[in-house]
Amino acid sequence: DFGRIIWLTPLREMGTLDALISLFANSYHPVYYRPFTNLVFYVLRQVVGLNAEYYYLSSIILHFASCVVFFYLVRELADQQRVKGSFFPIVATLLFTVNPRHVEAVSYIHDNENVICGLFFFLGLFLFIRYCKSQREAYLAFSAISYMFSLFGKEMGVTLPLVCFVYYGFVFATDFSIKEIYRDRVVRKSIGAFASVMILYMLLRYNGLGLLIG
């Protein structure tokens, strides 16, 4: 865990604004571009030094933030399937809170990248569902921003648009054929939003890491 933090040592010689810009302009890792993990480590190093308990506490706080978003996501999914009441979302969230399947994401300090990615993945899907229901483009914009933030946590966030489109195809689309779905206004706008985010992310990644695929 400390290896990741030591790589960020040059940031301590910069001003705060320059350090924040550098976190997104450089990977500070030979094969990964995950600026939000580096951002958390940078802030903690500046505030609490190398006191490991606070790094672990930050992972727990991020996990509970994910659990809150997870609850609202599950409740949204349940409402869409006409499952009334909060019993199912509460039980699902409690199970996820106690054992989120990949426990090391919380118990290992350096694995906060998984929690960050999951937090914004859940939020992006929640906002996309709200967009599908309301047709308000603000929801799509914030879903796309969440997609970018999920990618800043870990590359696995790249799968969010696929999950969104599959969900839309099964729940909202009247015809599940690819041709008809593409004609859908929601799908076209969503493709534009998510593709724009992906292009921007790949440019930032290439600039910081020097690799498109690492």
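**Figure legends**

Axes are lines fitted to C-alpha atoms, for helices over the stretch in contact, with angles from 0 to 180 degrees between N-to-C directions. The model is predicted, with local features requiring pLDDT of at least 70 and side-chain atom pairs pLDDT 80 or more, while totals for chains, interfaces and linings use all residues. Residues are numbered from 1 along each chain as its sequence is written, and side-chain values rest on heavy atoms, without hydrogens or water.

**View A. Helix 2 and helix 3 are roughly antiparallel to each other.** Helices are DSSP runs (H or I, at least four residues) numbered from the N terminus. The axes of helix 2 and helix 3 come within 8 Å, and they cross at roughly 150°. This angle places the two helices in the roughly antiparallel class (angles over 145 degrees; under 35 is roughly parallel, 65 to 115 roughly perpendicular and the rest oblique). Helix 2 covers residues 16–25 and helix 3 covers residues 35–48. The loop between these two helices holds Y28 as well as R34.

**View B. Y28, in the loop between helix 2 and helix 3, has a positive phi.** The phi of Y28 is about 55°, although Y28 is not a glycine. With a relative accessibility of 15%, Y28 counts as buried (under 20% relative accessible area; exposed is over 50% and partly exposed in between, with a 1.4 Å probe and protein chains only).

**View C. R34 and E113 form a salt bridge.** A salt bridge is a side-chain nitrogen of Lys or Arg within 4 Å of a carboxyl oxygen of Asp or Glu. In this pair the closest N and O atoms are 2.7 Å apart. R34 belongs to the loop between helix 2 and helix 3, whereas E113 belongs to helix 7 (residues 112–134). The salt bridge thus links distant parts of the chain, 79 residues apart. Both R34 and E113 are buried. The two residues are also members of a salt-bridge network, in which they are linked with R4, E155 and R205. A search of the whole structure finds eight salt bridges.

**View D. Helix 4 and helix 7 pack against each other at an angle of about 25°.** Their axes are 9 Å apart. This arrangement makes helix 4 roughly parallel to helix 7. Helix 4 covers residues 52–80.

**View E. A salt bridge joins the side chains of R130 and E76.** The distance from N to O is 3.1 Å. R130 lies in helix 7 and E76 in helix 4, so the pair ties together parts of the chain that are 54 residues apart in sequence. The relative accessibility of R130 is 28%, which counts as partly exposed. E76 has a value of 5% and counts as buried.

**View F. F122 and L127 are two buried residues of helix 7.** F122 is found in helix 7, and at 17% relative accessibility it counts as buried. From F122 to G208 the C-alpha to C-alpha distance is 26 Å, across 86 residues of sequence. L127 also has its place in helix 7, and its relative accessible area is 11%, so L127 is buried. L127 and A138 are 11 residues apart in sequence, with their C-alpha atoms 9.1 Å apart in space.

**View G. Q135 lies in the loop between helix 7 and helix 8.** Q135 is a residue other than glycine, yet its phi is positive, near 65°. The relative accessible area of Q135 is 33%, and Q135 is therefore partly exposed.

**View H. K189 and E137 form a salt bridge between helix 11 and helix 8.** The closest N and O atoms of this pair are 2.0 Å apart. K189 is in helix 11 (residues 185–209) and E137 is in helix 8 (residues 137–153). The pair links distant parts of the chain, 52 residues apart. K189 counts as partly exposed, at 30% relative accessibility. E137 counts as partly exposed too, at 42%.
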